[in-house]
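Colleague: I am new to this structure and would like to go through it step by step. Could we begin once it is on display?

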Amino acid sequence: MRFVMHPVTLAVVAAAVIGYTQWTVPDRTLNSDSVEVTGIASSVAEASATFTPQDPTASIDRATQMMSPESAERFKADFATVAKDLGGRNVSAQASTVSAGVEAIGPEAARVGGVLRGTQSSPGQPTDSAVLALRVSLSKTDGRWLVEDVSPLHSR
């Protein structure tokens, strides 16, 4: 006995398969983008709060590689005086992400909030620890997520 599928049944099955795959593509894209922007935001936030006097621009350079050209220039200018001050006082700072999550995301823009634990040390002084809350704004350019802004989250 041979099984023959009725043309209408075949059309319904095909529509269901195509519909399902088209329906789930946006979900997979959203999930993938969410993971990507959270990772980028965490890396940039950590780099923006990390400093070593031996290589004062290393973390700034690492952060700017994940930024749009305009944001990178602004970021370098903002942190140049801070780096000079910290380097002059032989201060080291290290930050690590405690938690990060997507606040908002669309096809072309995202905003990620993050909480970091930061430690700062300088010769002859006790180590200082702090909790830092940052917001990172990103945009998608030519298929690549780039940081546009890093700003502190203020409690209200």
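Colleague: Which residue stands opposite Gly-113 in E3?

Modeller: This is a predicted model, in which local features need pLDDT of at least 70 and side-chain atom pairs count only at pLDDT 80 or more, while totals for chains, interfaces and linings use all residues. Residues are numbered from 1 along each chain as its sequence is written, and side-chain values use heavy atoms, with hydrogens and water left out. Strands E2 and E3 (residues 128–141) run antiparallel and are joined by 12 bridges; two strands pair if DSSP finds at least two bridges between them. In this pairing, the residue of E3 that stands opposite Gly-113 is Arg-135.

Colleague: With which residue do the side chains of Arg-135 meet in a salt bridge?

Modeller: A salt bridge is a side-chain nitrogen of Lys or Arg within 4 Å of a carboxyl oxygen of Asp or Glu. For Arg-135 the N to O distance is 2.8 Å, and the partner is Glu-103. The pair links distant parts of the chain, 32 residues apart, with Arg-135 in strand E3 and Glu-103 in strand E1. The name asked for is therefore Glu-103.

Colleague: Which residue is linked with Glu-103 and Arg-135 in a network of salt bridges?

Modeller: Arg-135 is partly exposed at a relative accessible area of 28%, where buried means under 20%, exposed over 50%, and partly exposed in between (1.4 Å probe, protein chains only). Glu-103 also counts as partly exposed, at 35% relative accessibility. The network that links these two residues includes Arg-111.

Colleague: How many residues lie between E2 and E3 in their hairpin?

Modeller: Helices (H or I, at least four residues) and strands (E, at least two) are DSSP runs, numbered from the N terminus. The turn of the hairpin formed by E2 and E3 holds Gly-124, which has a positive phi of about 80°. The number of residues between the two strands is 6.

Colleague: How many residues lie between E1 and E2 in their hairpin?

Modeller: Strand E1 (residues 92–105) runs antiparallel to E2, and 12 bridges join them. Within this pair, Ser-92 stands opposite Ser-121 in E2. The hairpin of E1 and E2 has between its strands a number of residues equal to 3.

Colleague: What is the accessible area of the nonpolar patch formed by Val-98, Val-115 and Val-131 together?

Modeller: Patches are made of residues with over 30% relative accessible area and no salt bridge, with like charges joined within 9 Å and nonpolar side chains (Val, Leu, Ile, Met, Phe, Trp, Tyr) within 5 Å. Val-115, in strand E2 (residues 109–121), is partly exposed at 33%. Accessible areas come from the Shrake-Rupley method with a 1.4 Å probe, and for residues only the protein chains shown count as cover. For Val-98, Val-115 and Val-131 together, the area is about 260 Å².

Colleague: Which residue forms a salt bridge with Asp-33?

Modeller: The closest N and O atoms of the Asp-33 salt bridge with Lys-140 are 3.4 Å apart. This pair links distant parts of the chain, for Asp-33 is in helix H1 (residues 7–48) and Lys-140 is in strand E3, 107 residues apart. Asp-33 is buried at 8% relative accessible area, while its partner, partly exposed at 23%, is Lys-140.

Colleague: Why does Ile-60 count as buried, and what is its relative accessibility?

Modeller: Ile-60 is found in helix H2 (residues 58–64). Not counting residues up to four places away in sequence, Ile-60 touches Phe-75, Lys-76, Phe-79 and Ala-83, where contact means heavy atoms within 4.5 Å. Ile-60 counts as buried because its relative accessibility, set against the limit of under 20%, is 9%.

Colleague: How far apart in space are Ile-60 and Lys-76, C-alpha to C-alpha?

Modeller: The two residues are 16 residues apart in sequence. From C-alpha to C-alpha, Ile-60 and Lys-76 are apart in space by 6.8 Å.

Colleague: Is Ser-71 buried or exposed?

Modeller: Ser-71 lies in helix H3 (residues 69–88). It touches Val-147, Glu-148 and Asp-149, not counting residues up to four places away in sequence. With a relative accessible area of 3%, Ser-71 is buried.

Colleague: Which pattern does the chain follow along the sequence?

Modeller: The chain holds 3 helices and 4 strands. Of its 156 residues, 28% count as buried. Read along the sequence, the pattern is α-α-α-β-β-β-β.
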